[in-house]
Amino acid sequence: MAADNTTTALLVIDMQNDFVLSDGSMRVDGGLAIVPNVIKAVDVARQRGFLVVWVVREHDPQGRDVELFRRHLYADGQPKPTSKGNKGAELVDGLVIKDEDYKVVKTRFSAFFATHLHSVLQGAGIDSLVVVELDYKSVTVIVDATAAATPDIHAANIYDMKNIGVVAPTLEEWSKSSC
């Protein structure tokens, strides 16, 4: 199924220093390895005229908006992961938010929980997403431009998503496809 470039958005989620770099306080194994593919996916999406949405975590440096189970990370002397204004909250090198893109700040795992993401996507006429889902007609997760805590968890996540109808191509397959 071909994607209408005016109704499709690419969501780029958590590609921040604290999640990606080897010394990041919230490092996800495999995050650094996918950066080149994420850069390429963003380029392809922009070439196709897709809306690019950057979903980032930015927390209050005192941890007042952090999940209860993470508040200890914001105690005095701690690194304060993805705190607004800190280097760890910045996008990794090579990823740049452009004027035509949109940025959503989240404070929880879901990009949709307690954010205005769904309203923004609806307002822009978006009905298909590349990467995540929430009642969208078409959802695509680019397998080699996503990562999880371990390769086994990543494979299990992709398996689960495929079982509910998510399309999961490689970057090369997606780049060559019409959607």
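A polar contact here is a pair of N or O atoms within 3.5 Å; within protein, one must be able to donate a hydrogen and the other to accept it, and residues adjacent in sequence count only if both atoms are side-chain atoms. The model in these views is predicted, with local features needing pLDDT of at least 70, side-chain atom pairs counting only at pLDDT 80 or more, and totals for chains, interfaces and linings using all residues. Residues are numbered from 1 along each chain as its sequence is written, and side-chain values use heavy atoms, leaving out hydrogens and water.

**View 1. S83 sits in the loop between β2 and β3 (102-106).** Its side chain reaches the backbone oxygen of K80 at 2.7 Å. S83 counts as buried (under 20% relative accessible area, 1.4 Å probe, protein chains only), because its relative accessibility is 0%. Beyond its neighbours within four places in sequence, S83 is in contact (heavy atoms within 4.5 Å) with H59, D60, P61, Y74 and A89.

**View 2. Strand β1 (residues 8-13) has five of its six residues buried.** Strands are DSSP runs of E, at least two residues, numbered from the N terminus, and two of them pair if DSSP finds at least two bridges between them. β1 runs parallel to β4 (residues 128-130), joined by three bridges, and pairs in the parallel sense with β2 (residues 51-57) over five. Look for L10: it stands opposite V130 in β4 and opposite V52 in β2.

**View 3. Domain 1 (8-133) meets domain 2 (137-178), with bounds from an automatic or database domain assignment.** Here, 20 residues of domain 1 are in contact with 19 residues of domain 2. Six residue pairs are in polar contact between the domains, both residues at pLDDT 80 or more.

Note on methods. Buried means under 20% relative accessible area, exposed over 50%, partly exposed in between (1.4 Å probe, protein chains only). Helices (H or I, at least four residues) and strands (E, at least two) are DSSP runs, numbered from the N terminus.
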